[in-house]
Every structure is written in structure tokens, then in C-alpha cells.
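Let's take a friendly walk through one part of this model, starting from a single side chain and working outwards. Please have the sequence and the 3D view open as you read.

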Amino acid sequence: MSFPLQKSGDEWQAVLSKEQFRVLREKDTEAPFTGKYDKHMPSEGVYTCAGCEAPLYKANHKFKSGCGWPAYFDSIPGAVTRHEDRAFGMERIEIVCSNCGGHLGHVFKGEGYPTPTDERHCVNSISLNFSPEDRPVDDAKDGGSKV
């Protein structure tokens, strides 16, 4: 699958932390209940891809699922690409950033959460940044590393 933003593995390693690279580019998962956005529940703002800053989720689409990772009932239209993931002997729907292909997590349907879509986008915090405004964030302004 091809995405608008293309970088080599070496280029990604130069701009991502080791943990970000492991999750975003190697499709790993952070441990549950450890991510900084699991319990982060703002009423406004946007979550962006930690790899490319593309807007992915609005804060008002986030809900408390208790699963240990940030959960959203929907993404910004066109921001997330879904495809089958048959790793580990399971059938799941993987979600990736539509701009850079960075691994975000998985979508689960029909779990009975009281949301408009009856879906749970289970997303790794390390795959995300947050802006309190409805625009992408630049972590470099806050003393973090530019990704």
C-alpha cells in the first residue's frame, strides 16, 4: 500500500524515538494503561499522527472504554485507512495514518459501547500528538522533538 508521505526506514528512525518507530513503523503495541493519552479526556482539540502530524481524531470522538489505550468512536474523514490484519492467528482490522502509513492500532466493532458508531478505535498513545486547538501540533514548540 502506498501513502502520500514516503520515507525510508533510516529517514523514519532519524525523526522518531525508538518507541515511536517500534509502534508506528514496525506495528508493535505499547503496554496497556501506560500511554499518556489513555486517560486524557479534553472536550476540544485534535489528535494528530506522531509521524507526520496529519489530523486523525477530534477530542470529542474520544470515549472511556477502560481498555488501556485511547479509544475513539470515529476518525476525521479520510484520515485513517483500514485493512485486514491476520497476525497472531486473529482476524482484526488494523488502522494506519492515511498520510504516512504509520500504525495506529485496531478497530473493534459491535462491543456495545454507547457511541454513535458502535466502534472502538483502539489507538497507541505513542502514535499520537495532541493540540488543544483544531490544528496540527508541533512538539518542537513545547521543547519536544520534531517528528
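## Tyrosine 57 and its surroundings

Leaving out residues up to four places away in sequence, tyrosine 57 touches Gly45, Val46, Tyr47, Tyr72, Asp74, Ser75, Ile76, Val80, Ile95, Leu104, His121 and Val123. Keep in mind as you look around that this is a predicted model.

Tyrosine 57 sits in strand β2. Is this residue buried or exposed? Its relative accessible area is 0%, and since buried means under 20%, tyrosine 57 counts as buried.

## A polar partner: histidine 121

Which side chain makes a polar contact with the side chain of tyrosine 57? That partner is histidine 121, at 2.9 Å. Histidine 121 belongs to strand β8, which covers residues 119–123. With 0% relative accessibility, histidine 121 is buried, and tyrosine 57 is buried as well.

Setting aside neighbours within four places in sequence, histidine 121 is in contact with Tyr57, Pro70, Ala71, Tyr72, Phe73, Asp74, Ser75, Arg82, Ile95, His106 and Val107. Tyr72, Asp74, Ser75 and Ile95 from that list also appear among the residues touched by tyrosine 57.

Valine 107 is worth a look too, as one of the contacts of histidine 121. Tyrosine 57 and valine 107 are 50 residues apart in sequence, and their C-alpha atoms are 13 Å apart in space.

## The nonpolar core

Now widen the view to the largest nonpolar core, which has 26 residues. Which of its residues touch the most other members? They are Tyr47, Leu56 and Tyr57. So tyrosine 57 has a place in this core as well as a polar contact with histidine 121.

The elements giving two or more residues to the core are helix α2 (18–25) and the strands β1 (46–49), β2 (55–58), β6 (92–97), β7 (103–109) and β9 (128–131). The largest share, 3 residues, comes from β1.

## The β1–β2 hairpin

How do β1 and β2 run, parallel or antiparallel? They run antiparallel, joined by 3 bridges. To find your way along the pair, look for threonine 48, which stands opposite proline 55 of β2.

Between the two strands of this hairpin there are 5 residues. Glutamate 53 is the one to check in a backbone plot: it takes a positive phi near 70 degrees. From there, strand β2 brings you back to tyrosine 57.

Definitions and conventions
Residues numbered from 1 in each chain as written. Predicted model: local features only at pLDDT ≥ 70, side-chain atom pairs only at ≥ 80, totals over all residues. Heavy atoms only, no water. Helix = DSSP H or I, 4+ residues; strand = E, 2+ residues; numbered from the N terminus. Buried < 20%, exposed > 50% of the residue type's maximum accessible area, 1.4 Å probe, protein only. Contact = heavy atoms within 4.5 Å. Core = buried A, V, L, I, M, F, W, Y, C linked by side-chain atoms within 4.5 Å. Polar contact = N/O pair within 3.5 Å; in protein donor to acceptor, adjacent residues only side chain to side chain. Pairing = 2+ DSSP bridges.
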